[in-house]
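Here is a short set of questions and answers for a first look at a protein chain. Keep the structure open as you read.

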Amino acid sequence: MNKFYLKLGVGIFSVLLLLAGVFFFLQNQERQLTSEQFLMDTLVSISTYGTDTDFLQQVTEKAFKEIRRVADLTDRFPSPGTIAYEQSDVVKINENAGISPVSVDEDVFKMLQIAQDYYELTEGEFDVTIGPLMDLWGFGRETQKVPTIVEIQETLALVDSRKLILDEEKQTAFLSQKGMSLDLGAVAKGYAVEKAAQVMIEAGVEKALINAGGNIRVIGKKDNNNAWKIGVQDPRNPSNLIGVLSLNNEAAVTSGDYNRIVEIKGKSYHHLLSARTGYPAGKNMSVTVVALDSGQADLLSTSLFLLEPQQALELVSRLNNVEVIIITTDKKIMCSPGLREKFEYRSGEGYSYDQN
Amino acid sequence: MNKTRKLVFFSLFVTLATALGFLETLLPNPFPLPGVKLGLANIVTLLVLYVYGFKEGFAVALLRVIFASLMAGTFLSISFMLSLSGAILSTIMMGLLIRTMSALSIIGVSMVGAVSHNVGQLITASFLIQTPYIFYYLPVLLLAGIPTGLITGYIARLLLCYLKKLKTV
Amino acid sequence: MTKTDRQLFLALLLIGVFLFVCSQFFFYQPNPQSRVVIKVSGEIIQTIPLQKGTSQERFIVEGKKGKAIVEIKELKVRMLEAPCPDQICVNQGWIDSPWQTIVCVPNEIVIYLDKEAPVDAITG
């Protein structure tokens, strides 16, 4: 009899232990939370992973708030009278061009400083004061037209980062000539994503993915054994991936000649304008930059796109923690040495992958 | 039982298990599936578990895997890890059953041993291969363990009659 | 064989058959696999895309004990030659499904088929 009770006891105990185990397992199961919002002219999606969904929800909201804040600060075309119009530092700087310096938000000041650096590094190919040229072509506007050579020459006189005067002490920005204007399109999105990532990291998020229309920032690893897999789009076939990047705690941003194009009289033009020639740059189909900082990756992808492929690779070799994949217009795929291990080339019609 | 006597028999068992395990690698594999073997060495482990007890059975299983791998020159290699994990899991399972389920005969215990040997190997192999598809083999290996366990179990039962005397003498 | 033995036998058989049926459903994949993955000592050393209509292709894989030859034809793959005593991997023949795995334990070579890994996001 005694033995029977002992067996019964052991049986019940093991069942309870099993139930407790299952409960514990379910409690600590990793959950994924994904939210999406339309911000900065694109769909921003944030996926976070963790055991506490309430916490993930809160952090995601904070991250979106941060992106919205940067978006408002850098918006070039808010409707007058709206809150966004009041809040945009870019509008203030542009309206005060040739009039007076404007004191700006810390983040806007930082973005302008980085932009100035890349003006130097690309020897003037990349220029944050490209606003008048963008307007001339009609990017971000209702109507587009191909400008005449004379128009372009006249407008290029208004594109000059040396006339953007930044005062670090007073934290002011000043465009010294009337008619000049800033366009932070090449940096704002990446910068905002990085700020959002920092907000999440500070809050204690260990695993997340932010995707702002191809501007990607990953936090942590996908899991113990695997990195995040980020596909690189085939510039001529949107349904194909040219290759896959394996990233941990990094950002990947692509500038391509297939994004934001305008069609004028049957010919298409993309928005990555050379500040030297005034025309869309024509050496590359796409440039994908991998860097620790999403803001830097964003700015660099635009800057490098404007350069000759060799020049771009040379510039990357001088920078720390920056890697690049360049797809040239003659369908050659080039990869900076540090990225070869992280990039798995797949295939695509007519491409050649240069392993060296 | 006499200590020296036990040592002699114990050593004989280890030798026998090692030899049987080695013999099996020389014979053509009767099963077309990777990982499925008759498991002749398991007979010895099973007998020792019955005649002496869990500690001794475990020691025989462990030593046989080590000696066999040293002979084949595969010590600490992946094939060694595979046999080791299979041997450990099956010995633990068999020892547990012998202790807790007296209604089970040596044949039933042998079946569980063969099945858990295969499962143990598979678990280790899954770390090596790291694809969930490896568990496609789980039911196959589980089913394959039933006949092999039956065969080795019958052989073990035949031998056990003679070995029972070991304890008394 | 005692009564309990027979019960155990039946139970194991049922579990085995049940799992087998489940696995057939679980691993059923309508799409053909698109690449061969070759691992040596747990590390992926080569992935080869599979395409219909490709003629035979052979690859040399450096295993623990020497050179092995892997052959790919259309959507299937096999170990053609391997420097191992048991030749289990060679005798296994062609494999063409994701759950089939060629393992050459002495050489620590693992060959299997899978789909190209799905990506978490796309940059472009």
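The questions below deal with a predicted model.

Q: How many helices and strands does chain B have?
A: Start with the order along the sequence. Chain B reads α-α-α-α-α-α. The count for chain B is six helices and zero strands.

Q: What share of the residues in chain B is buried?
A: A residue counts as buried when its relative accessible area is under 20%. Chain B has 169 residues. The buried share of them is 51%.

Q: What part of the accessible surface of chain B belongs to carbon and sulfur atoms?
A: Take the total for chain B, which is about 8,000 Å². Of that surface, carbon and sulfur atoms hold 75%.

Q: Is H1(B) parallel or oblique to H3(B)?
A: H1 covers residues 3-26 of chain B, and H3 covers residues 54-72 of chain B. Their axes come within 8 Å and cross at roughly 50 degrees. Angles under 35 degrees would count as roughly parallel, and 65 to 115 as roughly perpendicular. Because of its crossing angle, H1(B) is classed relative to H3(B) as oblique.

Q: Which hand does the crossing of H1(B) and H3(B) have?
A: Look at the two helices where they cross. The hand of the crossing of H1(B) and H3(B) is right-handed.

Q: How many nonpolar residues does the contact of H1(B) with H3(B) have?
A: H1(B) brings residues including B:Phe10, B:Phe13 and B:Phe22. H3(B) brings others, among them B:Leu63, B:Phe67 and B:Met71. One polar and three charged residues also take part. The nonpolar residues in this contact number 11.

Notes. Residues are numbered from 1 along each chain as its sequence is written. Chains are lettered from A and ligands numbered from 1 in the order in which they are written. This is a predicted model: local features need pLDDT of at least 70, side-chain atom pairs count only at pLDDT 80 or more; totals for chains, interfaces and linings use all residues. Side-chain values use heavy atoms; hydrogens and water are left out. Helices (H or I, at least four residues) and strands (E, at least two) are DSSP runs, numbered from the N terminus. Buried means under 20% relative accessible area, exposed over 50%, partly exposed in between (1.4 Å probe, protein chains only). Accessible areas come from the Shrake-Rupley method with a 1.4 Å probe; for residues, only the protein chains shown count as cover. Axes are lines fitted to C-alpha atoms, for helices over the stretch in contact, and angles run from 0 to 180 degrees between N-to-C directions. Angles under 35 degrees count as roughly parallel, over 145 as roughly antiparallel, 65 to 115 as roughly perpendicular and the rest as oblique. A crossing is left-handed if the near helix is turned anticlockwise from the far one by less than a right angle, and right-handed if clockwise. Contact means heavy atoms within 4.5 Å. Ala, Val, Leu, Ile, Met, Phe, Trp, Tyr, Cys and Pro count as nonpolar, Asp, Glu, Lys and Arg as charged, and the others, Gly among them, as polar.
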